[in-house]
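Visitor: Please take me through one part of this model up close. I would like to see how two helices pack together.

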Amino acid sequence: MKDGATSIDGQRLIPHPGETILQAARRAGIEIPHVCWSEGLAPEGGCRVCLVEVAGGTRPVAACHTHLEPGMQVRTETPRLDRLRREILTLMADPHPAGAFTDVAAATPFGRLLQRYGMVANGTHPRRRGDLDGAHPYLHFDPSLCIVCRLCVHACEEVQGSFVYGVGGRGAHTTLRIGALDRYTPSACTACGACVDRCPTGAVTDRDRLDRAEADKITATVCGYCGTGCRIEVATRGEEVLRVEGVRDAAVNRGHLCAKGRFAHGWHSAGDRLTRPLLRRAGELVPVSWAEAIAFAAGRLRALRSAHGSDAVACLTSSRSTNEAAYLLQKLFRCAFGTNHVDCCARVCHSSTALAMGRMTGTSAASTSFHDLELARCLVVAGANPTEAHPVVGARIVQAVLRGADLIVIDPRCTALAEYATLHLQPRPGTNVALLHGLAKALLETGALDRAYVAERTEGLAELETFLAGIPLADAARISGVAETDLRAAARILGRGPALFVHGLGLSEQTQGVAAVEALCNLALLTGSLGRAGAGMMPLRGQNNVQGNADMGAMPDALTGYQRVGDAEVRARFAALWGVPPAATPGWTVSEMFAAARDRRLKALWIQGEDPMQSHPEPERVREALASLDFLAVQELFLTDTARLAHLVLPAAGCLEQDGTFTNAERRIQRVRAAVPPPGEARPDWQVFVELARALGLRWNYRHPGEVMDEIARAAPALFGGVHYDRLEGDGLLWPCPDATHPGTLTLHLGGFPCGRARFRAVPYLPPPELDVPGHPYTLITGRVLQHYNVGTMTRRTQQLELEPEDRLEIHPEDARREGLVDGGRARVTSRTGECVVRVRCTARVAPGTLFLSFHHPQTRTNALVGPHHDSESKCPDYKTVAVRLRPE
């Protein structure tokens, strides 16, 4: 070989900047044995199994952390290296019981490495066998297999950021430690499984891998829980789900998953799954055939539309189902019945966000992607708790902070992210607008706004400055409860440059939800954060396809791709595509549908995969509305409280059982594939809509959801024109993707805003009606916890229930003492609307005077406490500011 050439085992390579010898060898297809190294983690170099020889060097070097430099000539296999590796492996294996790794030899990297060198554990220093923490529903640790390689330590720290594992002892007595009590429970462990993915011996494993059952199929699909959109691989045998793993090179999750995505798949095989259509006869739901169910539905809908007009029928599409299903359901009701009474669960979560961002920037979705979390120098997390509601995103935020990014958390609770924050602003519930106006005022006073950006790309700054001049910073501090010094400190951090603003339902689910998101957008514009890498606006969407549901036109005032029903040109284009012109008048929101049902104006409602009896405020008012209908159809996985009121219940296929696409919170459209068939006679939603349309006389001939996506591309070419199934392999596409050659759009607004210039908005703060209510001294916030998802329909049928068996009321210890409540005791919580009895959890995570309660369990009836108040523009309910009083139960 020519002198000076870079090579590994004689194979020439061009070194990549920052690349280690081990990484270069893997790129070249050369396997270097290793134990303590794993892709994506910082190299430790502790095991020394990856030793290699470099020409001219006096001793072997560790390939995992030695960079490949130009001119290096590396050898990975020599007699000396073989001898050294055998000595090292002997030291690792000998302290373990005889045959400790034999059973797992073919199943683990360390076992295969011992096989390669013809070695076994000799049991010279036996260690205790067995599961150290058999109480955990998922994770298992067998110390007899642990070689203390520290991969679990690094994975926990560098992927999840939980710092659960440690190492104690010295020399032959070195052992792995799990939490303060050497147990997964209690500890900071979230059961994400990152440690399981990296463990080379099987010492750290989980329930789904213990029996090492062989799968006969691996299906690439997307997780059906939150709006993160993690790519997964589902291992199945027949109709049984064996295990779920993250896709290592996925852009969204890089192989990482939360406990729900990895382990909580047992809902699929739950014994109470709906498997046959149910029709109400003589007051009882009885099984019927699909033919009878479809004929009955078509007949009732047609008759009620004929007798009472287009206002008599409405539908709610599901954010748990696919884009294709949502598109077909809204199309069906618009074509067959001439109604725009179409809505979805986005109404009760991010409708405020969509309205505010659309009005200010011309686009109502995230301007940025999850990739920007790694690029951000400053993150602002406002009204969001991603480490619990979007755990993989939360973990990426933690890692960004650990790498040095500034983090400002705006939240009434001391969330897990608040503990990592550069600054935690803890406002009183319901005062977001006052707080954010205070930040804008303090930022303007520093003079650190991006004036060039503002001058070139925005309008309305003078009006905003005039408005803020009339708000003393001391007033903003007094109203919000955040010290003026903290407001100024936050403004100084924001003044350093663009920031990535991550927000959630803590902003949007309030009576001033629209105004709060607009005030946050003001900060993004002042700092020049929109249309730049590592910055922008990132609303975290709650359900797996709530973004796609809205994209597909499941809204009363917009068709597919956010095209307004009032635009004559839009209606003409849809008439050409559908053969029927959509109605010109915007329809009802879901709350307006319920009001119309109670007034007997709405006669028929189709609910696809939603349970408003549990998820909406004032459930008794919801019950009254649903009971007033002449026809209620519900598509569901289980017989929910809403389904129990229906005239017709149709068994649905879940996220593991149907084909299509989901769109995540960053606008990424990804393929969903059926890993297992739906149980019994359950069917994918899109197929049901095709059959119903045909029964209603529409000539629908879709044979596959891919054909539906092709029509979606024609319906909204500006956003989806280039979106077709053959382009959605791997990481999919981020809209807008207007044609077949377009790569998709990671960052919006790079070249400007669709509306021309973004406009600042100045809306005065108005106290919410549930703040400072006499006789109700506490303010309740409702929301999610880590272990469950939405109304818990899926997670309550898995072992997540062991991790969090009930909803608990979080209360500050001082308030608990004042009210005579004890940790683990029960409290009666009473609002002006309703009451519930719930177990108490005393914690300093909430400030005195503030309470928190999740809504995952129907028996809790959390939303019975939530009143009728909502944002006047978006109609989004106020779930975050509820006046209550307490007493022991």
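Guide: Start with a term. A crossing is left-handed if the near helix is turned anticlockwise from the far one by less than a right angle, and right-handed if clockwise. Keep in mind that this model is predicted.

Now look at helix H8, residues 323-337, and helix H26, residues 705-715. Two packed helices are described by the angle between their axes and the distance between the axes. For H8 and H26, the angle is about 65 degrees. Their axes lie 9 Å apart. The crossing of H8 and H26 is left-handed.

Which residues of H8 and H26 make the contact? H8 brings Asn323, Glu324, Tyr327, Leu328 and Lys331. H26 brings Pro705, Val708, Met709, Glu711, Ile712 and Ala715. Sort the contact of H8 with H26 by class: seven residues are nonpolar, one is polar and three are charged.

For another view of packing, turn to helix H22, residues 590-598. Its buried residues are Val590, Met593, Phe594, Ala596 and Ala597. Why do these residues sit on the same side of H22? They cover an arc of only 160 degrees around the axis, so they share that side.

What do the buried residues of H22 pack against? Their partners include three strands: E15 (313-316), E16 (342-343) and E25 (604-608). Helix H23 (612-615) and helix H24 (619-627) also pack against these buried residues. Just after H22 comes Arg600, with a positive phi of about 70 degrees.

Key: Residues are numbered from 1 along each chain as its sequence is written. This is a predicted model: local features need pLDDT of at least 70, side-chain atom pairs count only at pLDDT 80 or more; totals for chains, interfaces and linings use all residues. Side-chain values use heavy atoms; hydrogens and water are left out. Axes are lines fitted to C-alpha atoms, for helices over the stretch in contact, and angles run from 0 to 180 degrees between N-to-C directions. Helices (H or I, at least four residues) and strands (E, at least two) are DSSP runs, numbered from the N terminus. Contact means heavy atoms within 4.5 Å. Ala, Val, Leu, Ile, Met, Phe, Trp, Tyr, Cys and Pro count as nonpolar, Asp, Glu, Lys and Arg as charged, and the others, Gly among them, as polar. Buried means under 20% relative accessible area, exposed over 50%, partly exposed in between (1.4 Å probe, protein chains only). The arc is that of the directions from the helix axis to the C-beta atoms.
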